[in-house]
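Me: I have a model in front of me and some labels attached to it. I would like each label set against the cut-off behind it.

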Amino acid sequence: MSEKKSKGPLLYIHQPFARTPATNMQDIYTSRLEEEEMVEKEMLLEAESKKKISLLKKEIVQEPIGTEGSRSDNPATKSPTSIQERQRSPFNRVKPFKEMDIKERLNYLINYPKVLPPPPCVFITEEKNYQGYLTVYDGDEVTIRFHDQSTNTVPVHALKGVILIGIKK
């Protein structure tokens, strides 16, 4: 019989040893607000279960007396404030820009998040309209930076309006 020897591959393609990337991808993200909401939900569930137990005890006690219809804990008669308390949002609602007066608009623009690019605005005065970015607001004067990097200072009492320029559809 012929003796078979194990031979290597007939065609060898060189493939360098490549390790899997050692990246640590984030699988789960939780924030403090979400944790607080979960704790609040658990507390509400515990409180509801205690109410159910206490309601059962009341029913057991009240059945011999026969005053089941006089209960004030009926779910149909719950006050709307308890429902609103459950649906409260953790974020404070900001007034729409169109509804703000000039000083509120200037405060909004000066406190605009630094991680976002500054929003372009039109500053309307009696004499002229200025299109640019708000850079300094100190209560009495407003400094506007134009697109060509020049600046102009305008008193606040001369401003008739501030319009936020957005993306046009």
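**Labels and their grounds**

Reply: A hairpin of three residues leads from β1 to β2. The model is predicted, with a mean pLDDT of 75 for the chain, and 65% of the residues reach 70 or more. Over residues 64-72 the pLDDT is below 50, and this stretch has six contacts in the model beyond near neighbours in sequence.

Me: What makes β1 and β2 a pair, and in which sense do they run?

Reply: Pairing needs at least two bridges between two strands. β1 and β2 have four bridges and run antiparallel, so they count as paired. Within this pairing, Cys-121 stands opposite Gly-132 in β2.

Me: What joins β1 to β5?

Reply: Five bridges do, and the two strands run antiparallel. Set against the requirement of at least two bridges, five is enough, so β1 and β5 are paired. Thr-125 has Leu-159 in β5 as its bridge partner.

Me: Why is β1 called largely enclosed by the rest of the structure?

Reply: Buried means under 20% relative accessible area. Four of the five residues of β1 are buried, and therefore the strand is described as largely enclosed.

Me: Why is the pair of Tyr-108 and Tyr-112 called edge-to-face?

Reply: The structure holds three aromatic pairs. In the pair of Tyr-108 and Tyr-112 the ring centres are 6.0 Å apart and the planes stand at 75°. Centres within 6.5 Å make a pair, and planes over 60 degrees apart make it edge-to-face. Both conditions are met, so the label is edge-to-face. Ring pairs also link Phe-97, Tyr-108 and Tyr-112 into a cluster.

Me: How do you know that Tyr-108 and Tyr-112 are partly exposed?

Reply: The partly exposed class lies between the buried limit of 20% and the exposed limit of 50%. Tyr-108 has a relative accessibility of 33%, so it counts as partly exposed. Tyr-112 has 22% and therefore belongs to the partly exposed class.

Me: Why is the pair of Tyr-130 and Phe-146 called tilted?

Reply: Their ring centres are 5.9 Å apart, within the 6.5 Å limit, so they form a pair. Their planes stand at 40°, which is neither under 30 degrees nor over 60, so the pair is tilted. Tyr-130 lies in strand β2 and Phe-146 in the loop between β3 and β4, so the pair ties together parts that are 16 residues apart in sequence.

Me: Are Tyr-130 and Phe-146 buried or exposed?

Reply: Tyr-130 has a relative accessibility of 11%, under 20%, so it counts as buried. Phe-146 has 15%, also under 20%, so Phe-146 is buried.

Me: Which residues have the most contacts inside the largest nonpolar core?

Reply: The core has 16 residues, and those with the most contacts inside it include Leu-106, Phe-123, Leu-134 and Val-142. α3, β1, β2, β3 and β5 each supply at least two of its residues. β2 gives the most, with three residues.

Me: What is Leu-134 in contact with, leaving aside its neighbours within four places in sequence?

Reply: Its contacts are Leu-106, Leu-109, Ile-110, Phe-123, Val-142 and Thr-143. Contact here means heavy atoms within 4.5 Å.

Me: What pattern does the chain follow along the sequence?

Reply: The order is α-α-α-β-β-β-β-β, from three helices and five strands. Of the 169 residues, 15% count as buried.

Definitions and conventions
Residues numbered from 1 in each chain as written. Predicted model: local features only at pLDDT ≥ 70, side-chain atom pairs only at ≥ 80, totals over all residues. Heavy atoms only, no water. Core = buried A, V, L, I, M, F, W, Y, C linked by side-chain atoms within 4.5 Å. Buried < 20%, exposed > 50% of the residue type's maximum accessible area, 1.4 Å probe, protein only. pLDDT = per-residue confidence, 0-100.
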